[in-house]
Amino acid sequence: MPARTMKVAIVGCGAVSQLYYAPALEALASKADISVTALFDPSLLRAKALAKSFPEAMLVDRIEQLAPLGVELAIVASPPVFHSQQCIKLLADGVSVLCEKPMATSVADAEQMVAQAAESGKILAIGLVRRFFPALTECKHIIAGRLLGQICSFQLAEGGISQWPAQSPALFDKNLAGGGVLLDLGAHLLDLVHWWFGQPAEIIYEDDAMGGLEANCQAELKFAQGFSGQLRLSREATFASGYSIQFEKGSIGWRLGETNSLQIEFADSDLVLSGRLNKRLAAEHLPITDKDDLTFEHCFIRQLSNVVAAVRGEQELVVPGSVGLRGLKLANQCYQKRSLMAMPWLSDSEQAAARTLNLRRQ
Amino acid sequence: MQRIAIVGANGFIGSRAVEVLHLNGEFDVRPLVRRIGGLALPVRFDLAVKTADATDCSTLVEAFTDCDIVLDAVLGDSHTIVESASVIYQAACQAGVRRLIYLSSQAVHGQAPLPGTTEESAISIAQPLPYNSAKVRAERRLLRQRERGSTEIVILRPGIVLGPRSRWIFGLADQLLAGTAYLIDGGTGICNSIYVDNLIEAIRLSANAASADRQVFLLGDEETATWADLYGSIAAALGFDFNRITCIAAPEFRTSLRELAEQARASDAVQSILPLVPHRLKRSVKAALWSLNQPAEQSRWSLESPARISPTLEMTLLQQCKFKLPSDKANQLLGYKPLVSFSEGCEKSIAWLKFAGYPIV
């Protein structure tokens, strides 16, 4: 058992804190001996709403107040443009940080965050929860172990009309978000690309930003090993969301939202094996040890649990700042190669205007 | 440059209106959406996008400040259609907007209008679909409000609006892919189509046309297209054999309890007392009505395909249409002339389907 209760603060009390972090922290509180002691949000209304889950927590109006309160871990879930400034300050004050994705809006900012974490000797974790999905971990296992042979190609696609109950328009404000669907939803996919396949040797990238933030984007990623894959993201189109990877001896498929299910198709078979992944042993110190399925909520708790254990020096951190930085660099490389997606329903004059606007950097 | 506020800028027509009017540089466009999630499409542009509830007058007044024109492209249920139209007009008057362009629908004449129907034909709230009645009520309210208000009103009645993001396009593609598409009487009924760019051309013209105030305009494509033309076009794009689409005779419909309830809910009398009904009771009634319409479970021994064709009243009526509604008045008073042909409109719509990930061959 941990020696003492870890004091945790939440910086940014919007939708992700209310929907994910609050219940995860409540579920983990007694198991991991942590306590939410401070909340920060420029909107007192949002801070008070979150305080209903943590009545003991103090509402602070500056993040400089957190370290003196003895906070050891701060969860930074504010609009992306504030991430670097807030994380660097917290790390300099000796507070470890779990920063929501995307970790920053520029590579330079992210590099400063990583440097500050190293200088302070504190943990900088990035909220890339999909690293904790059993299905996606198993994909990594299959790829790395070449269980189905060499990779031939892949397609990663996620689309849908945004149902996210955002409480502020920050996600859609180009001055606060830093990017559109690529930086937001794409943070997960670019991380997986790097984790599974490595750094692409060549990138062809297109999106539909016309002076603002892209709602659609697609990329062709080519790798030195000779295979290539496609990435497609959308905030409007409702195509089938999921991932597919083709190998020499078969293929694997994953449908969005199915944290613990995977499909495997062996070459020369007409059938697809569709299965659920369960833990071999239920022996984790989590409130989920008596359940044999790993839902999204449980994965979120596992992410938080790993960060808490890493801060205590009990576990290796799964998603450190350097991992977030890698994904951000990849996003940046995409943006640097930006061109306008084909939108054939636009008239000739509209396409000409759209191309000009697309070339303008955010 | 004239400033136009587009209410419902994330909807199918609203989002295309933002694209056309902004990219062509003729208007300073101010998109308005109801919820934050609806910002995704309008924020592709560097525009002053605002969130505003279309039934909240004070928020709208602020959003309409300095606007010359307001386009009401709000989507919603019957109550929202009627209420938002009225509130948007009030707000436009208070903000000093010169002209409101209201997107009504040819559905005010029913889905299968009688031969000879024009803008002058009588319209009624006694309609088979609540949507039709709501549009009739919204138009009437607006014209009544215009008697006292300062903002001019132009009412547009487009038909089946096709184009990127149109439910008629992706809905049909979904049905074809699911094996549930159907044609009534072989698809020989007239599809009173209008490609979305043609509608936006009419909107553009309506913004400044003299003597358009208080006028109502029917709008359509140049060509007379049938439902078979539309289905055939989408089917071919998806690699389906048009001749294999199920053809049925027009089914008879009896008004279900759920539809009766929806019609009653949309009435002014029920709307006035709804706020007094406890939320829990409203939820229970809604759940009970929903359960009445659920199909019977299929036997586990059945070898039939689970895909079932379920003709809707709306589509049944639409596909029995025998009359091409005229755009003559719009042509004369607005100078309206469709820019995009039916076949070109289908091609552009199919191009969007491909963009949206549909398996176009």
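Which residue of β10(A) does A:Glu220 stand opposite? The legends below take this up in a predicted model, one close-up at a time.

**View 1. A:Glu220 and its neighbours across β8, β9 and β10 of chain A.**
A:Glu220 stands opposite A:Gln230 in β10(A). On the β8(A) side, A:Glu220 of β9(A) is the bridge partner of A:Ile204. Strands β9 (residues 216-222) and β10 (residues 228-234) of chain A run antiparallel and are joined by 7 bridges. Between β8(A) and β9(A) there are 6 bridges, and this pair is antiparallel too. Have a look at the turn as well: 5 residues lie between the strands of the β9(A) and β10(A) hairpin, and A:Gly226 there has a positive phi near 110°.

**View 2. The open sheet of 9 strands in chain A.**
Stepping back from the hairpin, we can follow the strand order β14-β13-β12-β11-β7-β10-β9-β8-β15, with mixed pairing. The edges are taken by β14 (273-276) and β15 (338-340) of chain A; each has a single partner strand, so one side of each lacks a neighbour in the sheet. From one strand to the next, the twist averages 15°. At the β15(A) edge, β8 (residues 202-207) of chain A pairs with β15(A) in the parallel sense over 3 bridges. Here A:Glu206 is found opposite A:Ser339 of β15(A).

**View 3. Helix α5 of chain A lying across strands of the sheet.**
Helix α5 (residues 134-144) of chain A lies across four strands of chain A: β7 (151-159), β11 (242-247), β12 (250-255) and β13 (261-266). Relative to β13(A), the helix runs at about 30°.

**View 4. The salt bridge between A:Arg130 and A:Glu158.**
Over all chains, the structure holds 29 salt bridges; this close-up picks out one, in which the side chains of A:Arg130 and A:Glu158 meet at 2.3 Å, N to O. Where do the two residues sit in the chain? A:Arg130 belongs to the loop between β6 (124-127) and α5 of chain A, whereas A:Glu158 is in strand β7 of chain A. With their positions 28 residues apart, the pair links distant parts of the chain.

**View 5. The open sheet of 6 strands in chain A and two helices on it.**
The order in this sheet is β3-β2-β1-β4-β5-β6, and the pairing is parallel. At the edges are β3 (58-60) and β6 of chain A, each pairing on one side only. The twist averages 25° from one strand to the next. Strand β2 (residues 34-40) of chain A pairs with β3(A) in the parallel sense over 3 bridges, and A:Phe40 has A:Val60 of β3(A) as its bridge partner. Helix α3 (residues 83-92) of chain A packs on the sheet, touching β1 (6-11), β2, β4 (73-76), β5 (96-100) and β6 of chain A, and its direction makes about 165° with that of β5(A). Helix α8 (residues 296-311) of chain A also lies across β1, β2, β4, β5 and β6 of chain A, at about 145° to β4(A).

**View 6. Helices α2 and α3 of chain B where they cross.**
Finally, we turn to chain B. The axes of α2 (residues 57-64) and α3 (residues 78-95) of chain B come within 8 Å and cross at roughly 45°, which makes α2(B) oblique to α3(B). The crossing is right-handed. Contact residues include B:Leu60 and B:Phe64 of α2(B), along with B:Ile88 and B:Gln94 of α3(B). By class, 9 residues of this contact are nonpolar, 2 are polar and none is charged.

Conventions: Residues numbered from 1 in each chain as written. Chains lettered and ligands numbered in written order. Predicted model: local features only at pLDDT ≥ 70, side-chain atom pairs only at ≥ 80, totals over all residues. Heavy atoms only, no water. Axes fitted to C-alpha atoms, helices over the stretch in contact; angles between N-to-C directions. Parallel < 35°, antiparallel > 145°, perpendicular 65-115°, else oblique. Left-handed = near helix turned anticlockwise from the far one by under 90°. Contact = heavy atoms within 4.5 Å. Nonpolar A, V, L, I, M, F, W, Y, C, P; charged D, E, K, R; others polar. Pairing = 2+ DSSP bridges. Salt bridge = Lys/Arg side-chain N within 4 Å of Asp/Glu carboxyl O.
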